Amino acid sequence: MKFTDSEIQSTGAFLVGQLERLDPHNYDPIAEFTWSRDMPLREDVTIADEVTSFILTNYAGGFGGTGNGTKSWIRGEATTPARVSVQMNKINTPVTPWGMEVDYTIFDLEKAMKAGRPIDKMKHDAMRMKHQLDIDTQVYMGDTELGIPGLLNNSSIAKENVGAFSASTTTAESAINFFNSVLDAAWKNTAYNRIPDTCLIPPALFSALASKQLPNTNMNVLQYVTSNNLAVANGGSLTIRPVRWLADSSINSGNGRIVAYTRREDVVRFPLVQIQALPVQYRDYRQIVPYYGALGGVEFVRPEMVYYADLAD
């Protein structure tokens with residue numbers, strides 16, 4: 001009986017020649033996930049929940065008063081008092097169970113132990129990476145199978161084509177004017193109540209802004225824009241961050257998009273049930289550990305405080 005290549009690769013027990021210098025370190029796949037940086041969590045959900053919801057309330061002013069102007073004046077006893085109305089809408093988002101199994105045979109475990117490579121830990125790390133990847137995708141892009149949008153592609157969010165922007169040839173003044181126009185449009189979308197504190201941009205644009213050095217200074221264009229913009233002038237702050245999903249071809253036909261929003265739980269958030277493990281299960285020669293959790297969909301509590309600025313090719 002001979003071991004196949006796949007069996008050798010699954011345990012790490014490779015054949016090593018006499019003149020071969022094998023580096024014993026295991027080099028895992030490169031994986032970086034930014035969803036927790038850009039998205040507040042809603043952590044009150046449990047594995048028993050099938051849906052998350054919140055109540056979106058709208059106020060409206062009724063008619064009455066003197067009937068002149070827009071204020072609720074009272075003039076004399078015959079005046080009919082004005083009234084206000086409150087409309088409450090419940091917004092629902094499904095919570096979908098997520099699960100994977102980490103399994104290995106006793107033979108795999110013994111071979112890996114003898115080779116000095118903990119196959120159980122490595123498979124657990126692979127499962128955790130898949131979990132993070134699924135969350136990252138769900139937060140930014142949503143899920144087509146479930147019909148849930150993500151932070152970057154919600155069709156109900158206000159958007160505008162802001163034209164092309166060449167970071168390599170821009171000046172500090174034109175860069176600030178460009179980002180201020182985005183912030184101003186987002187501010188206007190909230191009836192001039194809130195200016196965004198976060199801008200997510202495509203990685204290529206981020207790299208170009210960071211690489212463009214301002215003459216006679218130690219500052220690049222990205223730093224200059226972050227320190228001098230509409231949000232800062234109004235007493236706030238602005239964070240500009242790259243997101244790899246904004247380079248996806250499904251976003252604005254691959255031309256890129258700037259997402260301006262306020263990173264707060266009462267604006268936008270993601271319901272998440274953290275991953276948990278069941279006890280080890282034994283099936284013949286195999287040991288299996290089931291892991292489970294649940295992912296919701298991005299809740300746009302205040303969609304007017306999220307704004308898409310689409311770039312032109």
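In helix 5, the buried residues (under 20% relative accessible area with a 1.4 Å probe, protein chains only) are Ala172, Ala175, Ile176, Phe178, Phe179, Asn180, Val182, Leu183, Ala185 and Ala186. The model is predicted, with local features requiring pLDDT of at least 70 and side-chain atom pairs counted only at pLDDT 80 or more, while totals for chains, interfaces and linings use all residues. Residues are numbered from 1 along each chain as its sequence is written, and side-chain values use heavy atoms, leaving out hydrogens and water.

**The sheet**
- Five strands (DSSP E runs of at least two residues, numbered from the N terminus) form an open sheet in the order 5-13-8-6-7 with mixed pairing, where pairing requires at least two DSSP bridges between two strands.
- Strand 5 (159-163) and strand 7 (239-242) are the edge strands, each pairing on one side only.

**Strand 13**
- Strand 13 (residues 306-311) runs parallel to strand 5, to which four bridges join it, and Asn161 stands opposite Asp310, as Gly163 does opposite Leu311.
- With strand 8, strand 13 pairs in the antiparallel sense over five bridges, and Tyr307 is the bridge partner of Ala260.
- Both faces of strand 13 are covered, with Val306, Tyr308 and Asp310 buried on one side and Tyr307, Ala309 and Leu311 buried on the other.

**Helix 5**
- Helix 5 (a DSSP run of H or I, at least four residues) has 18 residues and reaches 26 Å from its first C-alpha to its last, close to the 26 Å expected at 1.5 Å a residue, a span taken as 1.5 Å times one less than the number of residues.
- Ala191, whose phi is positive, near 60 degrees, follows helix 5.

Key:
Buried means under 20% relative accessible area, exposed over 50%, partly exposed in between (1.4 Å probe, protein chains only).
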